[in-house]
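User: I'm new to this one and would like a close look at a single part. Could you walk me through the surfaces that face the DNA, and then fit them into their surroundings?

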There are 2 protein chains.
Amino acid sequence: MAREKSGKKISLQTVERMSLYRKVLEDLHRDGVANVYSHQLAELVRVSPAQLRRDLASFGSFGNISKGYPVYQLILTISRLFGTDTLQNVALIGAGNLGRALLFYRGFEERGFHIAVVFDIDAEKIGRVFAGRRCHHIQDLEAVLPDFGVAMAILACGAQNLQSLVDRLGRAGIRSILNFVPRQIHAVAGMNVENVDFSAKMEKLSFLNRYGTALEFEI
Amino acid sequence: MAREKSGKKISLQTVERMSLYRKVLEDLHRDGVANVYSHQLAELVRVSPAQLRRDLASFGSFGNISKGYPVYQLILTISRLFGTDTLQNVALIGAGNLGRALLFYRGFEERGFHIAVVFDIDAEKIGRVFAGRRCHHIQDLEAVLPDFGVAMAILACGAQNLQSLVDRLGRAGIRSILNFVPRQIHAVAGMNVENVDFSAKMEKLSFLNRYGTALEFEI
DNA sequence: GATGCGCTGTGATTATATTCACAGTAACTC
DNA sequence: GAGTTACTGTGAATATAATCACAGCGCATC
Ligand SMILES: NC(=O)c1ccc[n+]([C@@H]2O[C@H](COP(=O)([O-])OP(=O)(O)OC[C@H]3O[C@@H](n4cnc5c(N)ncnc54)[C@H](O)[C@@H]3O)[C@@H](O)[C@H]2O)c1
Ligand SMILES: NC(=O)c1ccc[n+]([C@@H]2O[C@H](COP(=O)([O-])OP(=O)(O)OC[C@H]3O[C@@H](n4cnc5c(N)ncnc54)[C@H](O)[C@@H]3O)[C@@H](O)[C@H]2O)c1
């Protein structure tokens, strides 16, 4: 997908694994580890050493040939790759059970994302404050959004008219959407969408329970 | 991974897409559509028609050559593949903000999963009832679990001693874990783990915002 | 019942991802 | 300062996934 100046490509699968690497690197850093070898890090994230080296090499060369990789340095580099070395504001649509759990979740901030504005459609919720953030009416979207400079939105609302909400978000300058609503939505040009579907993960697990990582599969 | 009697393999990526297919098939079914062509379904899930046909063919042949695929039939077949044609009980560990959102979420039941038991460690929560389910103390895990015949657990608890909790779940007969805790856990032999990490999805989106589905990428 | 159309299922092909395996080298030893 | 060790980065090889492209068929039409 993306390309480094030197011409190397970086695949989305690599980017996904990068999140894992960073997560365990944070743990190592907390434990005071300064350097780590590819085989150690690979072991921790359950990936082959060769793959880890290739992933890291795909955006430049960082390993010291006999000390391994510098933990803190690598954390910073990956954060820059993600653009999360500085906190960025995101919008939340829907302050229901899930939306409020997200508002009280501190894990986002730790990873560089700050839910800065909240919107809902339920009159009962407008004006209320959740974890320090006031809930606005969805009809004020265009009026309120520019105050916060957000490029990403999290959808945790109802399923009705979802696509038109997405289109509207696109027109209002949102470039990426994290979608928790179990409906297929279509990105407008230049917009990125990631769906989160717990049930799908459960289905995968259930499939694995039946047919195993191991083999023979009968209908 | 898995193999059909005829010897065909079915890959995990196919299984993941199968969840998508089923989701839009449900929509079609609700709208009264009886049959659908591969190119229509493919368009709805944003996948190539050839891939869709191959995915479906990978667990047997189901398309009528001139009517396309029978919508309802296909829903049933995919459900059987997942083992979600009958409701299965799952356990929830942790009745915090996220855990309670999951308890009140009806989407699981619609997809064949029923959160049947809840465990927490916080004395204040033990004995309380959330969405009809009583919360048990985690120390009673081994005593209570067998009553419910669960093979899958959802982790929405704190991060302390997580791995030993996982090991304990394994010994208590849990075969699959859906893990919301942002720590790397290691499956015991024969156990399957799926991690849900919202922040990782946000990181991916943020990366895409910076470097685009389009190309040139500079450090 | 012959003709044409447009579908599915799949062999063949191409593209992508992963692993192998090793050249090159920093650090450490004596 | 020569020898040894164990690492990284990466071409080459392999494995896996996606796409192409078409044979073969059911159905509609005449
Ligand atoms: N609760 C969960 O654990 C969970 C899990 C997975 C997916 N989801 C999905 O996430 C979404 C939210 O789930 P929930 O449990 O919080 O539901 P909820 O009913 O508790 O909350 C939905 C909130 O969205 C608001 N809303 C509805 N339409 C809106 C709109 N057009 N604009 C702005 N706000 C709007 C509602 O007023 C409500 O406050 C649902 O689509 C659900 O399917 C929830
Ligand atoms: N809230 C979110 O939106 C969100 C999002 C992503 C991930 N997570 C993760 O999910 C987990 C739960 O999040 P939360 O917001 O519900 O936190 P929370 O603090 O509200 O709830 C955690 C609950 O787990 C219980 N608990 C802790 N240790 C336990 C143990 N060993 N056994 C049983 N119960 C135990 C606590 O008593 C508490 O009730 C956390 O690890 C969090 O990082 C949460």
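Analyst: What follows goes through the DNA strands one at a time, and then turns to the chain interface and the ligand. Keep in mind that this is a predicted model.

Let's start with DNA strand D. There are 23 residues around this strand, and the ones that come nearest are A:Ser38, A:Arg54, A:Ser61, A:Tyr69 and B:Ile65. Of the strand D atoms that come within 4 Å of the protein, 65% belong to sugar and phosphate. Two of those nearest residues reach the phosphates with their side chains: an N or O atom of the A:Tyr69 side chain is 2.5 Å from a phosphate oxygen of strand D, and for the side chain of A:Ser61 the distance to a phosphate oxygen of the strand is 2.6 Å. The bases get some attention too, since B:Arg53 has a polar side-chain atom 3.4 Å from a base nitrogen of DNA strand D.

Which helices build this surface? At least two residues each come from helix 2 (38-45) and helix 3 (49-57) of chain A, and from helix 1 (12-30) and helix 3 (49-57) of chain B. Helix 3 of chain B gives the most, with four residues. Sorted by class, the surface near strand D holds six nonpolar, 11 polar and six charged residues.

Now for DNA strand C. Here 22 residues surround the strand, and the closest are A:Ile65, B:Ser38, B:Arg54, B:Ser61 and B:Tyr69. Sugar and phosphate make up 69% of the strand C atoms that come within 4 Å of the protein. B:Arg53 turns up again: a polar atom of its side chain lies 2.9 Å from a base nitrogen of DNA strand C. On the phosphate side, B:Phe62 uses a backbone N or O atom, 3.2 Å from a phosphate oxygen of strand C, while the side chain of A:Gln13 has an N or O atom 3.5 Å from a phosphate oxygen of that strand. Helix 1 (12-30) and helix 3 of chain A, plus helix 2 (38-45) and helix 3 of chain B, are the elements that give two or more residues to this surface. Helix 3 of chain A gives the most, with three residues. By class you'll find five nonpolar, 11 polar and six charged residues near strand C.

So how do the two protein chains meet? In chain B, 76 residues are in contact with 76 residues of chain A. Together the chains bury about 7,300 Å², 60% of it on carbon and sulfur atoms. There are 16 salt bridges across the interface, including one between the side chains of A:Lys204 and B:Glu194 (3.0 Å, N to O). On the chain B side, helix 9 (residues 198-211) brings the largest share of the touching residues, 14 of them. That side divides into 39 nonpolar, 15 polar and 22 charged residues.

Last stop: ligand 1. Residues from both chains A and B surround this ligand, so the site is shared between chains. Its shell has 21 residues, with A:Asn97, A:Leu98, A:Asp120, A:Lys125 and A:Cys157 the closest. Oxygen atoms of ligand 1 lie 3.0 Å from a backbone N or O atom of A:Asn97 and 3.2 Å from a polar backbone atom of B:Ala101. The protein covers 81% of the 810 Å² of accessible area that the ligand has on its own. Helix 5 (97-104) of chain A and helix 5 (97-104) of chain B each supply at least two residues of the shell, which divides into 14 nonpolar, four polar and three charged residues.

Key. Residues numbered from 1 in each chain as written. Chains lettered and ligands numbered in written order. Predicted model: local features only at pLDDT ≥ 70, side-chain atom pairs only at ≥ 80, totals over all residues. Heavy atoms only, no water. Contact = heavy atoms within 4.5 Å. Buried area = accessible area lost by both parts, 1.4 Å probe. Salt bridge = Lys/Arg side-chain N within 4 Å of Asp/Glu carboxyl O. Nonpolar A, V, L, I, M, F, W, Y, C, P; charged D, E, K, R; others polar. Near = heavy atom within 4 Å. Polar contact = N/O pair within 3.5 Å; in protein donor to acceptor, adjacent residues only side chain to side chain. Areas by Shrake-Rupley, 256 points an atom, 1.4 Å probe, with all protein chains shown as cover.
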